Amino acid sequence: MGKTLYLECYSGISGDMTVGALLDLGADKAVLDRVLQSLPVSGFQIKTGKVVKSGIAACDFDVMLDKDHENHDHDMEYLHGHGHTHTHGHETEHMHMHRGIQKIQEIIQKADMSRRAKEIASRIFEILADAEAKVHGVPKEQVHFHEV
């Protein structure tokens with residue numbers, strides 16, 4: 001018999017918060033590590049630990065990007081597509097890889113995880129891409145995720 005988890009995210013939830021909570025509930029970190037290492041992407045490492053916030057102990061999950069991949073939040077720049085360069089009011093240019101739904105689906109299919117996990121991950125990104133396309137009034141194929 002399967003288990004059901006209900007999340008009440010009235011003010012939102014981030015990916016790192018979700019993963020940390022799942023690890024606290026007993027998700028296997030070794031499996032997570034194996035899957036993340038199997039992804040055909042580079043420029044990141046993960047860090048987990050225990051933290052106490054507002055008197056509550058929790059698992060802290062952090063994705064740390066290297067200098068070439070660090071995230072800079074930009075208004076609507078994800079619509080520029082793959083690999084654009086820009087400056088941040090200073091002399092240094094940064095290259096950012098923004099992935100569209102097709103590339104994300106390819107990455108998921110190459111990952112070392114179960115067929116069911118791939119189906120769920122693929123469906124989640126399809127739902128996100130559909131929502132982003134609707135919000136920004138663009139075809140789903142033009143949506144580029146800037147934090148993935």
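This note goes through a predicted model, point by point.

1. **The aromatic pair.** Start with the rings. Searching the whole structure turns up one aromatic pair. Its members are F125 and F145. The ring centres sit 5.7 Å apart. The planes meet at 85°, so the pair is edge-to-face. The cut-off that matters here is an angle over 60 degrees. In general, two numbers describe such a pair: the distance of the centres and the angle of the planes.

2. **What the pair joins.** Look at where each ring comes from. F125 belongs to helix α4, residues 115–136. F145 belongs to strand β6. The two parts are 20 residues apart in sequence, so the pair ties a helix to a strand.

3. **Buried or exposed?** Check both rings against the cut-off for buried, under 20% relative accessible area. F125 has 18% relative accessibility, so F125 counts as buried. F145 has 9%, so F145 counts as buried too.

4. **H144 in strand β6.** Strand β6 covers residues 144–145, and H144 lies in this strand. H144 has a relative accessible area of 12%, so this residue is buried. What does the side chain of H144 reach? The partner is the backbone oxygen of Q142, at 3.0 Å.

5. **The second largest pocket.** Now turn to the pocket. The volume of the second largest pocket is about 380 Å³. Its lining is made of 16 residues. Those nearest the centre are I13, M17, A21, A58 and C59. Three elements give two or more residues each to this lining: α1 (15–24), β1 (44–53) and β2 (56–65). Which of them gives the largest share? Strand β2 does, with five residues.

6. **Character of the lining.** Sort the lining residues of the second largest pocket by type. Ten are nonpolar, two are polar and four are charged.

7. **The cysteines.** In general, a disulfide is a covalent bond between the sulfur atoms of two cysteines. How many disulfides does this model have? The count is zero. The rule asks for a pair of cysteine sulfur atoms within 2.5 Å. Two cysteines can still be compared for exposure. C9 has a relative accessible area of 31%, so C9 is partly exposed. C59 has 14% relative accessibility, so C59 counts as buried. C59 also appears in point 5, among the residues nearest the centre of the second largest pocket.

Notes:
Residues are numbered from 1 along each chain as its sequence is written. This is a predicted model: local features need pLDDT of at least 70, side-chain atom pairs count only at pLDDT 80 or more; totals for chains, interfaces and linings use all residues. Side-chain values use heavy atoms; hydrogens and water are left out. Buried means under 20% relative accessible area, exposed over 50%, partly exposed in between (1.4 Å probe, protein chains only). Helices (H or I, at least four residues) and strands (E, at least two) are DSSP runs, numbered from the N terminus. A polar contact is a pair of N or O atoms within 3.5 Å; within protein, one must be able to donate a hydrogen and the other to accept it, and residues adjacent in sequence count only if both atoms are side-chain atoms. On a 1 Å grid over the protein atoms alone, a cavity is a set of points where a 1.4 Å probe fits but cannot get out, and a pocket is an open set with protein on both sides within 12 Å along at least five of seven lines; lining residues have an atom within 4 Å of a point. Grid points are joined across faces, edges and corners, and a volume is the space filled by probe spheres set on the points. Ala, Val, Leu, Ile, Met, Phe, Trp, Tyr, Cys and Pro count as nonpolar, Asp, Glu, Lys and Arg as charged, and the others, Gly among them, as polar. Rings of Phe, Tyr and Trp (its six-membered ring) pair if their centres lie within 6.5 Å; planes under 30 degrees apart count as stacked, over 60 as edge-to-face and the rest as tilted.
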